[in-house]
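Visitor: I would like a close look at a single part of this model, namely its salt bridges. Please take me through the pairs slowly, with their surroundings.

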Amino acid sequence: MIGQLRGTIISKQPPDLLLDVGGVGYEVQLPMTSFYQLPEVGAEATVVTHFVVREDAQLLFGFCALHERAMFRELIKTNGVGPKLALAILSGMSAEQFAQVVHHGDITSLMKLPGVGKKTAERLLVEMKDRLKDWNAQPVDSAADGFALSGQVEDTFVRPVDATEDAVAALIALGYKPAQASRAVGKVAVEGMSSEALIRDALRNML
């Protein structure tokens, strides 16, 4: 089990991170709520991880804090929710926000997430309610010596020529349909915005 990685950021292509750990490049997928907190390419970062082994692949998912990983693990215990859908859910809202949605039985907010239909939303509310009843009591701890989740998002992305295309590609990777992703990015796009900022604003606009 790989539980944590600390190394140098080689590249960032949401939601994928390539981290150099002792000369080995680890590909890690992060929910956007964690991805926003990454420092710039070339800097050191620590991510706590969840390792998934399938017949056709071995996948690493990374998080800025232990409580974010804990929520991911609770989500994938739910019938019909796999790692990709859990990643999409935690890209649209933080662990704390998801806990509040479940607490209030807010099925409408859940159904705005990609891949979450009415049946899945209902299942999440039913199965997660008891599991998350004490969630607010959990400490919000960041990965040791890594990057911490904060209200202020630092824009560390280099602004590529195709920032809009990169943002659309990231949303598609999270499960949004191409037309929906293009429309969402188009609504918030302003000249000079980084792909990170475009993704963040597009997700906010859709929820």
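**Salt bridges and their setting**

Guide: Arg131 has a relative accessibility of 31% and therefore counts as partly exposed, in what should be read throughout as a predicted model. The salt-bridge partner of Arg131 is Glu127, and the closest N and O atoms of this pair are 3.4 Å apart. Glu127 is likewise assigned to the partly exposed class, at 27% relative accessibility. Both residues belong to helix α6, which covers residues 118-131, and they are four residues apart, or about one turn of the helix.

The helix position can also be set beside a record: UniProt, in an unreviewed entry, lists residues 73-92 and 108-127 for "domain: Helix-hairpin-helix DNA-binding motif class". In the model, residues 108-127 are 70% helix and 0% strand, with the end C-alpha atoms 17 Å apart. For residues 73-92 the content is 70% helix and 0% strand, and the end C-alpha atoms are 17 Å apart.

A search of the whole structure finds six salt bridges. One of them pairs Glu44 with Arg6, where the closest N and O atoms are 2.9 Å apart. This pair connects distant parts of the chain, since Glu44 sits in strand β4 (residues 44-53) and Arg6 in strand β1 (residues 4-13), 38 residues apart. Glu44 is partly exposed at 49% relative accessibility, and Arg6 is also in the partly exposed class, with a relative accessible area of 42%.

Another salt bridge is formed by Arg200 and Asp201, whose closest N and O atoms are 3.9 Å apart, which can be set against the cut-off of 4 Å that defines such a contact. Arg200 has a relative accessible area of 14% and is therefore buried, because buried means under 20%. Asp201, with a relative accessible area of 23%, is partly exposed. Turning back to the helix pair, Glu127 and Arg131 belong to one network with Glu74 and Lys77, joined by salt bridges that share partners.

For the strand region that lies along the sequence between the two strands of the Glu44 and Arg6 pair, a few backbone details complete the picture. Strand β2 (residues 16-21) and strand β3 (residues 24-29) run antiparallel and are joined by six bridges. Within this pairing, Leu17 has Val28 of β3 as its bridge partner. The hairpin of β2 and β3 has two residues between the strands, and Gly22 there adopts a positive phi near 60°.

How values were computed. Residues are numbered from 1 along each chain as its sequence is written. This is a predicted model: local features need pLDDT of at least 70, side-chain atom pairs count only at pLDDT 80 or more; totals for chains, interfaces and linings use all residues. Side-chain values use heavy atoms; hydrogens and water are left out. UniProt positions are given in the numbering used here, feature names are shortened, and annotations may be inferred rather than shown by experiment. Two strands pair if DSSP finds at least two bridges between them. A salt bridge is a side-chain nitrogen of Lys or Arg within 4 Å of a carboxyl oxygen of Asp or Glu. Buried means under 20% relative accessible area, exposed over 50%, partly exposed in between (1.4 Å probe, protein chains only).
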